[in-house]
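Work through the following exercises with the sequence and the model side by side. Each task is followed by a solution that proceeds step by step.

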Amino acid sequence: MGVNETLGEYSDLFMLLAAMTYLVAFLGFAWDMASSSKTLKAVDQRAAALAEDARQTTSKVPSMAAGGQSAGTSHEGLTGPSDRVARIGSGRSSNVSDSVASQSMRYTGERRIAARVGVSITALAFVVHLAAVLARGIAADRVPWGNMYEFCTTGALVVAGIFLGALTRKDLRFLGTFVIGLVLIMLCAATIGFPTPVGNLIPALQSYWLVIHVSVAVIASALFTLTFAMSVLQLMQSRREAALAAGQAPGMTFMKRVPDAMSLESLAYRINAVGFVLWTFTLMAGAIWAEEAWGRYWGWDTKEVWTFVIWVVFAGYLHARATRGWTGTRAAWLCIVGYLCIIFNFAIVNVFFSGLHSYSGL
């Protein structure tokens, strides 16, 4: 058995180990969400009981004679990142406010061991995943994104890497379940749906443009994966906020850990702007590569058309939000549509449509 075949087997083994480790991290983030729901529900019930006790107490206190002032009533609620409730009260109500505020501080400052474990295991999985991708590249003696299997596994690596890098700047652990879940789906799709042994590239792909064009496409797709997760959360948070505004029980208590819908949309918009620039470069670099390989910049190949469709959808998203006031759920849905176009371009066009870009390796 040659060295390349051995490295290829090690790559497959590391990929399987990385997937199993990501699964443990996913369970850690899921456990954090589940425990959050239970903890926050209990604290909310305690806060409601304190507020009710305050209302009953103040209703028995006669109006203050001095200054014509009366004892205030209390409107209390334990608030998380997505719940902003004004606190009003005096006298006995102020004591309740202090008690609720104290509980809120414990809520926002608790250790969240499950989330920390999830982040740590994600970092470990990323290292193993990186070893698998590097082993694949060394075994193939080229960059490891020459077919659907390699593109998918490398894309999953970039998604996990961007998520871990973002965690050093901003607490995005609330995305952990969704992002790591998507990474797991990508790895399962690669290993089950697109298994491809180590091999050489076809002549059309043996170009330095493979490094430039595809690497930028991978990064852009990874950014769009993150904003897809944020947009799904935004829709959930919007529904919850609407229920709160209507005075209904909102459910999904774990969403208190998540920023409000507008904050999610703003963050997704900024990341989509970066992803759009990268996708624009991907489209341009692909055209230059096509001219070098086939003697024309554009040939209306199925892959080229859908790459352009994706560009148009995200261009429309950025334009509509910036100039037409498309905020809220409409912006979220447009972002989701753009990501679904990416999935279609990758999983359907590559497999079921023939053309010059049929490099799936299947």
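A residue is called buried when its relative accessible area is under 20%, exposed when it is over 50%, and partly exposed in between, with a 1.4 Å probe and protein chains only. This is a predicted model, in which local features need pLDDT of at least 70 and side-chain atom pairs count only at pLDDT 80 or more, whereas totals for chains, interfaces and linings use all residues. Residues are numbered from 1 along each chain as its sequence is written, and side-chain values use heavy atoms, with hydrogens and water left out.

**Exercise 1. The chain as a whole**

Describe the secondary structure, the burial and the contacts of the protein chain.

Solution. Begin with the elements: helices (H or I, at least four residues) and strands (E, at least two) are DSSP runs, numbered from the N terminus. On this basis the protein chain has nine helices and zero strands, and its order from the N terminus is α-α-α-α-α-α-α-α-α. Next, consider burial, where 47% of the 362 residues are buried. Then take contacts, meaning heavy atoms within 4.5 Å: of those between residues at least 6 apart in sequence, 78% join residues at least 24 apart. Finally, the accessible surface, computed by the Shrake-Rupley method with a 1.4 Å probe and, for residues, with only the protein chains shown as cover, is about 17,800 Å², and carbon and sulfur atoms account for 66% of that area.

**Exercise 2. The nonpolar core**

Determine which helices supply the largest nonpolar core, and which one gives the largest share.

Solution. First fix the term: a nonpolar core is a set of buried Ala, Val, Leu, Ile, Met, Phe, Trp, Tyr and Cys residues joined through side-chain atoms within 4.5 Å. The largest such core has 74 residues, and Tyr22, Phe163 and Leu175 are those with the most contacts inside it. At least two residues of this core come from each of α1 (3–59), α3 (113–140), α4 (148–167), α5 (176–193), α6, α7, α8 (302–323) and α9 (329–352). The largest share, 14 residues, is that of α6. As a check on one of the residues named, Leu175 touches Phe163, Ala229, Met230 and Leu233 once its neighbours within four places in sequence are left aside. As background, nonpolar side chains in soluble globular proteins tend to be buried together.

**Exercise 3. A serine in a helix**

Is Ser221 buried or exposed, and which residues surround it?

Solution. Start from its place, which is helix α6 (residues 209–245). Ser221 is buried because its relative accessibility is 13%. Its side chain has a polar atom 2.8 Å from the backbone oxygen of Ala217. Beyond its neighbours within four places in sequence, Ser221 is in contact with Phe151, Trp279, Tyr339 and Ile342.

**Exercise 4. A salt-bridge network**

Trace the salt bridges that involve Glu150 and contrast them with the pair Asp171 and Arg173.

Solution. A salt bridge is a side-chain nitrogen of Lys or Arg within 4 Å of a carboxyl oxygen of Asp or Glu, and the structure holds five of them. In one, the side chains of Glu150 and Arg136 meet at 2.8 Å, N to O; this pair links distant parts of the chain, with Glu150 in helix α4 and Arg136 in helix α3, 14 residues apart. In another, the closest N and O atoms of Glu150 and Arg142 are 2.8 Å apart, so that, by the salt-bridge criterion, Arg136, Arg142 and Glu150 are linked in a network. Turning to burial, Glu150 and Arg136 are both buried, and Arg142 is buried as well. The side chains of Asp171 and Arg173 also form a salt bridge, at 3.0 Å, N to O, but here Asp171 is partly exposed because its relative accessibility is 44%, whereas Arg173, at 18%, counts as buried.

**Exercise 5. Two unusual backbone angles**

Where do Asp141 and Trp300 lie, and what is the sign of phi at Asp141 and at Trp300?

Solution. Recall that most residues other than glycine have a negative phi. Asp141 lies in the loop between α3 and α4, and its phi is positive, about 60 degrees, although it is not a glycine. Trp300 is in the loop between α7 and α8, and its phi is likewise positive, about 60 degrees. Asp141 is exposed, with 70% relative accessibility, and Trp300 is exposed at 64%.

Conventions: A polar contact is a pair of N or O atoms within 3.5 Å; within protein, one must be able to donate a hydrogen and the other to accept it, and residues adjacent in sequence count only if both atoms are side-chain atoms.
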